[in-house]
Amino acid sequence: MSSLPAPLDRLPFPVIGAPLFIISNPKLVIAQCIAGVVGSMPALNARPAEQLEAWLVEITEALAAYNRAHPQAPAAPFAINQIVHKSNDRLEHDMAMCVKYKVPIIITSLGAREEINAAAHSYGGVVLHDVINNKHAHKAIEKGADGLIAVAAGAGGHAGLKSPFALIQEIRQWFDGPLALSGSIASGSAVLAAQAMGADFAYIGSAFIATEEARATDAYKQAIVECNSDDIVYSNLFTGVHGNYLAPSIRAAGLDPLNLPESDPSKMNFGGAGAAKAWKEIWGCGQGIGSIDRVQSVADYVAQLKREYGFARERLGLRY
């Protein structure tokens with residue numbers, strides 16, 4: 001376990017909710033933070049761009065009001081995800097809004113840029129960069145990121161192929177800063193396992209899709225409940241970068257999940273209308289959904305995680 005900077009040193013529970021393209025919205029983020037985990041959303045979910053400021057006002061005011069009413073048990077901080085890729089023509093605007101509202105945590109993806117890190121540091125923000133291998137981890141820290149999100153095999157959406165054991169141990173050989181683990185984590189026992197491997201936090205995305213607050217269709221939520229790891233397909237067809245998706249949504253689009261063509265990586269699209277259409281129709285999802293058996297509120301799901309985490313510690317002879 002590393003020495004953590006504020007605000008990561010004050011988390012009520014060691015979980016970061018992953019930003020979910022299209023699905024995450026202020027309602028979900030606020031519910032996650034009040035439940036005691038970091039809530040997050042991609043800046044690109046606010047469409048048009050001007051909506052981002054309204055959403056940041058909504059989140060900051062709601063959490064400030066909650067904290068005034070619960071000074072002994074304040075909400076967890078929130079995070080905004082920035083896609084640091086040349087296809088994102090909103091990056092400068094969206095980052096300016098994050099600086100204006102002093103977003104506590106910035107999560108960067110698909111590229112590491114020193115000026116983005118510097119902008120967050122200008123007001124005391126913390127930057128976590130997601131990586132799929134040790135090489136990218138080194139580059140992110142060299143460019144000024146404060147911490148890393150190790151996106152291992154089985155993670156939803158864009159994901160790598162490295163075993164979490166390999167990825168975590170390679171990063172921990174040289175990096176002792178904040179580290180989150182992503183990949184097939186949906187239960188409290190998996191949260192504890194991530195910590196046992198050397199991560200400070202578990203990074204959970206797909207399980208939050210099946211919550212009442214998530215901005216996903218009922219069919220998408222039900223698919224999370226009904227499917228398991230056998231229903232996850234790894235492909236680069238939809239955005240140019242390999243990721244994990246639910247097979248039923250691929251079949252519904254008229255494609256064969258077992259016989260998908262390769263995409264041209266040079267035509268990557270992460271923020272435009274085409275990308276939004278792909279994610280709306282082709283459902284991103286990780287391999288950990290086998291433990292999700294119902295749609296429930298964020299509060300109930302996080303409470304379940306905490307119970308399972310406590311039971312796992314007890315099984316191992318540990319105590320809070």
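**Exercise 1. A strand pair**

Which residue in β11 does Val 233 stand opposite?

*Solution.* The model is predicted, so local features need pLDDT of at least 70 and side-chain atom pairs count only at pLDDT 80 or more, while totals for chains, interfaces and linings use all residues. Residues are numbered from 1 along each chain as its sequence is written, and side-chain values use heavy atoms, with hydrogens and water left out.

Step 1. Strands (E, at least two residues) and helices (H or I, at least four) are DSSP runs, numbered from the N terminus. Two strands pair if DSSP finds at least two bridges between them.

Step 2. Strand β11 (residues 243-246) is joined to β10 by 4 bridges, and the two run antiparallel. Across this pairing, Val 233 stands opposite Tyr 245.

Step 3. An open sheet of 3 strands has the order β7-β11-β10, with antiparallel pairing. Its edge strands, β7 (157-158) and β10 (232-235), each pair on one side only.

**Exercise 2. The two sides of a helix**

Determine which residues of helix α2 are buried and where they lie around the axis.

*Solution.* Step 1. Helix α2 (residues 51-69) has 19 residues and reaches 27 Å from first C-alpha to last, close to the 27 Å expected at 1.5 Å a residue. The expected span is 1.5 Å times one less than the number of residues.

Step 2. Buried means under 20% relative accessible area, exposed over 50%, and partly exposed in between (1.4 Å probe, protein chains only). Leu 52, Trp 55, Leu 56, Ile 59, Leu 63 and Tyr 66 are the buried residues to consider in α2. They cover an arc of only 110° around the axis, which puts them on the same side of α2; the arc is that of the directions from the helix axis to the C-beta atoms. An α-helix has 3.6 residues a turn, so residues three or four places apart point the same way.

Step 3. Glu 61, Arg 68 and Ala 69 are exposed on the other side of α2.

Step 4. The buried residues of α2 pack against α1 (26-35), β2 (39-42), β3 (78-83) and α3 (91-100). Contact means heavy atoms within 4.5 Å.

Step 5. In α1, 8 of the 10 residues are buried, among them Pro 26, Leu 28 and Val 29. Just after α1, Gly 36 takes a positive phi of about 110°.

**Exercise 3. Polar contacts of a loop residue**

Identify the backbone atoms that the side chain of Asn 133 reaches.

*Solution.* Step 1. Asn 133 is found in the loop between β5 (126-131) and α5 (134-142). At 19% relative accessibility, Asn 133 counts as buried.

Step 2. A polar contact is a pair of N or O atoms within 3.5 Å; within protein, one must be able to donate a hydrogen and the other to accept it, and residues adjacent in sequence count only if both atoms are side-chain atoms. The Asn 133 side chain reaches the backbone nitrogen of Lys 135 at 3.2 Å, and one of its polar atoms lies 2.8 Å from the backbone nitrogen of His 136.

Step 3. Leaving aside neighbours within four places in sequence, Asn 133 is in contact with Lys 162 and Leu 167.
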